[in-house]
Amino acid sequence: MSNGSVTPTTSATATSAVTRAATTTAVVNLDVPGPRISRDLYGHFAEHLGRCIYDGFYVGEDSPVPNVRGIRTDIVEALRALDIPNLRWPGGCFADEYHWRDGIGPKESRPSMVNTNWGNVIENNHFGTHEFMDLCELLETEPYIAGNVGSGTVQEMSEWVEYLTRAGDSPMSKLRRENGREEPWKVKFWGLGNEAWGCGGNMRAEHYADLARQYATYCRDHGDNTLYRIAAGASDDNYAWTETLMKSISCLGCPSGPQNIYQGISFHHYTTGPDWDNKTSATEFGVDEYYRTMASAWKMDEIIAGHSRVMDCYDPDARIGLVCDEWGTWWKAAEGTNPSFLFQQNTLQDALVASLHFDIFHKHARRLVMANIAQTVNVLQAMLLTDGNHLILTPTYHVFEMNKAHQGATNLPVHVTQAAATRTVGDGEIARVSVSASVKDDSGLVSLTNVDAGSAAEVRLDLRGTAWRLGTARILTASTVQSHNTVDNLTAVAPEPFDGVRRDGDTLVLTIPPHSFVTVQLLLN
């Protein structure tokens, strides 16, 4: 938070001096809970795109890279450390040209296809349904499968659900057993296509709403496997698309609430520069570009609020969940890489985008039930980058790890009593500090982000209602917002103990360095 007399620079260090630290004060009632923060807000996304699946998650059983049945071991270990709650697959745009039967049976017998969305490369289908479910079991995570509405059929999707989840002697369960899996899997989350307004068919909202009802009808609950069907929703702030999907299953003032046809509606929003067709570099940017990025990230709050207001009109009890199953930064592909593979570096800037998003997600936990960052490995705002045998944990990965305790916790509203000065960006203003808090069992977690590039921020939180003690405090920062991890420096941006926090009576007092993310554990009595 700048006090107006300090010009922010992207070379400010965590210990650089400032004349004054602007102050934010707020009240958090530890004994007045808000809604539960769904674990699934920390979800992930893996598409057949670039090096996300092949040369990412999946290296093949003959690879010199350590693996289990072709799945890269170090990636599994790194993601298990995040308590990854769910993984979306096979797309993305790829989902609406993927035909699941091509990805089962002996690998040598599987037909290939052309991945027309991502570089027109040949897809050999060696990573298919069984491999994905094996990956989910290794990760101990929930699978989220996106079905093919754009180029598929109702029967194809219905039979995929049956193949995965039905026991007994049905045609699809017999086929599954022939391919080596005796017992059905548990699959809860099911996407009814992807981006139907664009790569998923260029449909009108009204046409897609009818298809969503039809496809959802034939995606059956088999045995004790109950599906959570997610209709493909809007791009960004297209609230009319969301309203069309809500009207398809409900009405204004319907006494019985929405029909139980699909249980969730998605939307997508990416953080990027002002020109979608002329994206900027992930690592080479100035302070003005950095603040525009932060403004774009903050817009997520407005977008979720807008979709929620529309849904509240038709579903005041929030029975239908809002799902942001694609979010994150989208920059120009790294020099020397295939531009269709969307490989980008991941800097401290990306980490602060993620920390802002999680504060926003927590705030909207009543309606928002799932979010999936794009994507997990080697694509867009990745958790992990691979380079041969080397695995790089990105700054964004560390935000997920530091925030783990929020998963499944109860959100604690943060009541701001004094907001520090905002920063003007373009025609608007952005807050320089973001805070969220939660409680679970006998502990709490407070997460704080100072997005100001050159000034420290003082935050004073009045913690009321329950006795508390300070636990572990950690910080994620670096010398510049462009800092990132590489094979030669794996820990250029990594969490460290934080000593800029103290207790003053019942007030938690922090002085947060510029461009930093901090978490503070509270031990509750």
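**Exercise 1.** Does Leu 385 count as buried or exposed, and at what relative accessibility?

*Solution.* Begin with the ground rules: this is a predicted model, in which local features need pLDDT of at least 70 and side-chain atom pairs count only at pLDDT 80 or more, while totals for chains, interfaces and linings use all residues. Residues are numbered from 1 along each chain as its sequence is written, and side-chain values use heavy atoms, with hydrogens and water left out.

Next, locate the residue: Leu 385 belongs to strand E14 (residues 384-387), where helices (H or I, at least four residues) and strands (E, at least two) are DSSP runs, numbered from the N terminus. Leu 385 has a relative accessibility of 2% and therefore counts as buried, a word that stands for under 20% relative accessible area, with exposed meaning over 50% and partly exposed in between (1.4 Å probe, protein chains only).

Finally, look at its surroundings, taking contact to mean heavy atoms within 4.5 Å. Setting aside residues up to four places away in sequence, Leu 385 touches several residues, among them Phe 343, Asn 378 and Ile 392.

**Exercise 2.** Work out which strands close into a barrel, and how they pair.

*Solution.* Two strands pair if DSSP finds at least two bridges between them. In this model 8 strands close into a barrel with parallel pairing, in the order E2-E5-E8-E9-E10-E11-E12-E13. On average, neighbouring strands of this sheet are turned by 30° against each other, direction ignored. As an example of one pair, strand E8 (residues 142-146) and strand E9 (residues 189-192) run parallel and are joined by 3 bridges, and Ala 146 stands opposite Gly 191 in E9.

**Exercise 3.** Describe the open sheet of 6 strands and the helices that lie on it.

*Solution.* The order of this open sheet is E16-E20-E21-E27-E23-E24, and its pairing is antiparallel. Strand E16 (410-412) and strand E24 (496-497) each have a single partner strand, so they stand at the edges with one side left without a neighbour in the sheet. Within the sheet, strand E20 (residues 433-440) and strand E21 (residues 443-450) pair in the antiparallel sense over 8 bridges, and Val 433 has Asn 450 in E21 as its bridge partner.

Now add the helices, whose axes are lines fitted to C-alpha atoms over the stretch in contact, with angles from 0 to 180 degrees between N-to-C directions. Helix H8 (residues 348-363) lies across E16, E20, E21, E23 and E27, running at about 130° to E21. Helix H9 (residues 395-402) also packs on the sheet, touching E21, E23 and E27, and its direction makes about 170° with that of E23. Of the 16 residues of H8, 15 are buried, so this helix is largely enclosed by the rest of the structure.

**Exercise 4.** Find out which residues have the most contacts inside the largest nonpolar core.

*Solution.* A nonpolar core is a set of buried Ala, Val, Leu, Ile, Met, Phe, Trp, Tyr and Cys residues joined through side-chain atoms within 4.5 Å. The largest has 119 residues, and those with the most contacts inside it are Phe 57, Trp 190, Leu 192, Tyr 208 and Trp 327. Helix H7 gives the largest share of this core, 10 residues. A second, separate core of 26 residues includes Ala 26, Leu 30, Val 446 and Leu 463. Leu 463 and Leu 385 are 78 residues apart in sequence and 39 Å apart in space, C-alpha to C-alpha.
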